[in-house]
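Subject: Structure handover and findings on charged pairs

Dear colleague,

Please find the structure below, handed over for your review. The findings follow directly after it.

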Amino acid sequence: MANINNNNQPKKRKIPIFVFYIIFIFIVITISKMLVPMLTAPDYKEIKLNEFISMIENGEAVDIEFEGSRYVLKPADFDETNTYYETGRFGNDHLEYDIINACKEAGLDYSTPIPKNTAIWEILLAYVLPLVITVVFFIIMIRSMNKRMSGVMSFGKNTGKIYAQKNTGKTFADVAGQEEAKQSLVEIIDFLNSPGKYTAIGAKLPKGALLIGPPGTGKTLLAKAVAGEAKVPFFSLSGSEFVEMFVGVGASRVRDLFKQALDNAPCIIFIDEIDAIGKSRDNVMGGNDEREQTLNQLLAEMDGFDSSKGVVILAATNRPEVLDKALLRPGRFDRRIIVDLPDQQGRVDILKVHARNVIMESDVDFDVVARATPGASGADLANIVNEAALRAVRAKRTRVSQREMDEAIEVIIAGEEKKNRVMSDKEKRIVSYHETGHALVTALLTNTEPVHKITIIPRTSGTLGYVMQVAKKEKVLLNTEEMLEEITILTAGRASEKLEFNSITTGASNDIEKATELARKMITVYGMNDEFGFVNREKRTNKYLIERSSLECSDETATRIDNEIQKVITECYNKAYQLLNEHKATLDRIAGVLYEKENLTGSDFIQLMSECEPDLELKKADEGV
Ligand code: ADP
Ligand code: MG
Ligand code: ZN
């Protein structure tokens, strides 16, 4: 059964409403046809034999029938009364003879049977046809209802929800910055294209591959691209769709999915968010019957089918650690493909992919955008490009320029600009000093151009100001000094406020959080503290979604760690304070300009720095260290 269509919608057979009307009218007509003869059916009136004979003799009869155990007489006034007369038949030759005689005398043709409306085709028309039509009508109605209310009415039988695409329209060219993942998938594509090559040698390909990575990194996209590259159909279901209201629906969906897929081999089965069903079964929180049944069915199907037919199962998750071990064992999802957040070059490539269909000004520099967005996922970047395009339209421009790109980054990363938010003059001055503190300390510590943009325009997300960092070269390894520099830069905002106003505000909470986290990690994860040495003190869970960590050490050690964190941060804070104090004139100057203009670009900043600190030669960030 080919249950594939070209568009992206699951197949749905629509019956136009007028068909229902036609069928309905037809039924009414046939039923009435059936009823009318019943209403007009003639009466049979039983009379005595002598009356019967005298009616014949009196010429009141027009026809006589000898019928089984009775005689039937059609009277002359039948048309008005619609009544036959009948009388019992005795099986007595003598009586019969009397009646025949009477008929002879009356000139009646007693051998002609009375015509009856019982021709076969009329019975068919009157009784069987309406029945057939009614049954067909109800079948059609129930089926279409099933389609509409899939899930409630259609236990298992429903296959409408299975999302099948003959051609996904995606190829590897649409996925950027995931070279390693693509490399691992090339073999699967080759297998789908020519399974014979593998079976000839006796090689078995993995039945399933699991795509693991944070949300928005392109797992779903990759799966579609594999199908597109191999030019095979793509059957997909999302894990959460399995878990529905009736126990057993999920399991039968799995069965349907595999059945359809095998009928259409070679093809790809894709199970998105597999963690929704694949959660470890020995969960402490009591089982979920439906999920377990679904999972068991999935395991059974994966074991049962023959991969040499050319069916490959891909699944995606961002929580591999919750998956049931049974899913991961050899013969199931034994191949794991990591789809991580893109690096600097990856981000540039992703931006290019999404900019293909957007008309851009020549000044747009993807390098700059990529450097301003460390940690952004592919989905974030796609969002940024689209947001920039929308902004260009709003500004009635025909091309997207770097300005719109910058705005889009801020919107996606820091929330929508909210220009009308009221900030008192004093607050604005404090924020200017705070942000300038960050920027100046960055420049002084690393000798590089620290920022792409400094702004003190508040955003709805709650940030009052923002230093858009231009990351130096993408770094895989950070050394102790760099970590400490990072913390020092984070404390510089607060230090600057303290230095200028000798008061502290709530504005540094985010900085404090980040600095504390870094200092803690130096001790508990990276072993960068001499006192605590090469020992891990922290247990991390959920590596691919939100990181949660818990200390794994004695209470006494925890106290020492807390003290040490405080010591490290205080030292950094003092260093920042001292640096700013030494360059107070520069701080005042730049904070003043920022206060006036509200926005400073990277080149504005360089300009100001070179005026205030002629000895300091700032390098472009990417030429730095
Ligand atoms: P996931 O399934 O990992 O959560 P998706 O595959 O649904 O993420 O990605 C969402 C969207 O983000 C995609 O449709 C695509 O537009 C964009 N995207 C994500 N990663 C990439 C990438 N590596 N290259 C190009 N676009 C990407
Ligand atoms: Mg997805
Ligand atoms: Zn700050």
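In this predicted model, D263 and K259 are joined by a salt bridge, with 3.7 Å between the closest N and O atoms. Both residues belong to helix α10, which spans residues 249–263, and because they are four residues apart there, about one helical turn separates them. The two partners fall into separate accessibility classes: D263 is partly exposed, at a relative accessible area of 44%, whereas K259 counts as exposed, at 53%. The cut-off that matters here is 50%, since exposed means over that value.

In total, the structure contains 22 salt bridges. As general background, side chains of opposite charge can pair when their charged atoms come close.

Two further pairs involve helix α21. The first is R520 with D562, for which the closest N and O atoms are 3.7 Å apart. R520 sits in helix α20 (residues 509–524) and D562 in helix α21 (residues 555–582), so this salt bridge ties together parts that are 42 residues apart in sequence. R520 is partly exposed, with a relative accessibility of 25%, and D562 is likewise partly exposed, at 39%.

The second pair is R560 with E531, whose side chains meet in a salt bridge at 3.4 Å, N to O. Here R560 is the residue in helix α21, while E531 lies in the loop between α20 and β13 (538–541); the pair therefore ties together parts that are 29 residues apart in sequence. R560 is partly exposed, at 31% relative accessibility, as is E531, at 46%.

Beyond such pairs, E387, R391, R394, R403 and E407 are joined into one network by salt bridges that share partners.

Which residues form a nonpolar patch on the surface? The patch consists of I120, I123, L124, Y127, V128, V132 and V136, which together have about 610 Å² of accessible area. One of these residues, V132, is located in helix α5, which runs over residues 120–148. V132 is partly exposed, with 43% relative accessible area; this value lies above the 30% that a residue must exceed to be part of a patch.

To recapitulate the charged pairs, D263 with K259 lies within helix α10, R520 with D562 links helices α20 and α21, and R560 with E531 links helix α21 to a loop.

Yours sincerely

Technical notes
Residues are numbered from 1 along each chain as its sequence is written. Chains are lettered from A and ligands numbered from 1 in the order in which they are written. This is a predicted model: local features need pLDDT of at least 70, side-chain atom pairs count only at pLDDT 80 or more; totals for chains, interfaces and linings use all residues. Side-chain values use heavy atoms; hydrogens and water are left out. A salt bridge is a side-chain nitrogen of Lys or Arg within 4 Å of a carboxyl oxygen of Asp or Glu. Helices (H or I, at least four residues) and strands (E, at least two) are DSSP runs, numbered from the N terminus. Buried means under 20% relative accessible area, exposed over 50%, partly exposed in between (1.4 Å probe, protein chains only). Patches are made of residues with over 30% relative accessible area and no salt bridge: like charges are joined within 9 Å, nonpolar side chains (Val, Leu, Ile, Met, Phe, Trp, Tyr) within 5 Å. Accessible areas come from the Shrake-Rupley method with a 1.4 Å probe; for residues, only the protein chains shown count as cover.
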